Amino acid sequence: MPTPAQLKKLKAAAKTAAGRAYAPYSKFTVGAAILTSTGKIYAGCNVENASYGLTNCAERTAIFNAVASGEKKLKLACVVVYTPTKTATAPCGACRQVIYEFGPQTRVISTCDGRQEVDVSIDALLPGAFGPADLA
Ligand code: THU
């Protein structure tokens, strides 16, 4: 559970990240910020490609950024998604699977420029998920 101060930082980081999105094809910019179980924050944006299918979403960029920064035992506490839209954006299926990998209880909060804010646990977004426990 992020503290109010952490939540504020996460929201700000997600918004800043959205401003860095590389989205020349969809023009749909997305920012994400994650909070690790040790209290660190990492951010990411969507990065598109002329070969559309290679697009990497903001949520996965943020998580991969954390791992690439040395978070060997990454455990997610929270993921905040921001889109400059009127309604909140939910993570895509691929991102749900990647979020689940690093925390089956992760809280996912989708924010936007409108009033809507969706706050849900990843196990509700991906019921009956396949994950690391299945390989143990
Ligand atoms: N996208 C994200 O980055 N995260 C989401 O939660 C939904 C979709 C991106 C992928 C693509 O660059 C653009 O939004 C339109 O689908």
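Let me begin with what I call a patch: a set of residues with over 30% relative accessible area and no salt bridge, in which like charges are joined within 9 Å and nonpolar side chains (Val, Leu, Ile, Met, Phe, Trp, Tyr) within 5 Å. A salt bridge here is a side-chain nitrogen of Lys or Arg within 4 Å of a carboxyl oxygen of Asp or Glu, and areas come from the Shrake-Rupley method with a 1.4 Å probe, only the protein chains shown counting as cover for residues.

This is a predicted model, in which local features need pLDDT of at least 70 and side-chain atom pairs count only at pLDDT 80 or more, while totals for chains, interfaces and linings use all residues. Residues are numbered from 1 along each chain as its sequence is written, and side-chain values use heavy atoms, without hydrogens and water.

On the surface, Y22, Y25, V47 and Y52 make a nonpolar patch of about 430 Å². Y22 sits in the loop between α1 (4-18) and β1 (31-36), helices (H or I, at least four residues) and strands (E, at least two) being DSSP runs numbered from the N terminus. Y22 is partly exposed at 43% relative accessible area, where buried means under 20%, exposed over 50%, and partly exposed in between.

K27 lies in that loop between α1 and β1 as well, and is exposed at 65% relative accessibility. Although not a glycine, K27 has a positive phi of about 60 degrees; most residues other than glycine have a negative phi.

Turning to the sheet, 5 strands form an open, mixed arrangement in the order β2-β1-β3-β4-β5, pairing being called when DSSP finds at least two bridges between two strands. Its edge strands are β2 (41-45) and β5 (118-121).

How values were computed. Buried < 20%, exposed > 50% of the residue type's maximum accessible area, 1.4 Å probe, protein only.
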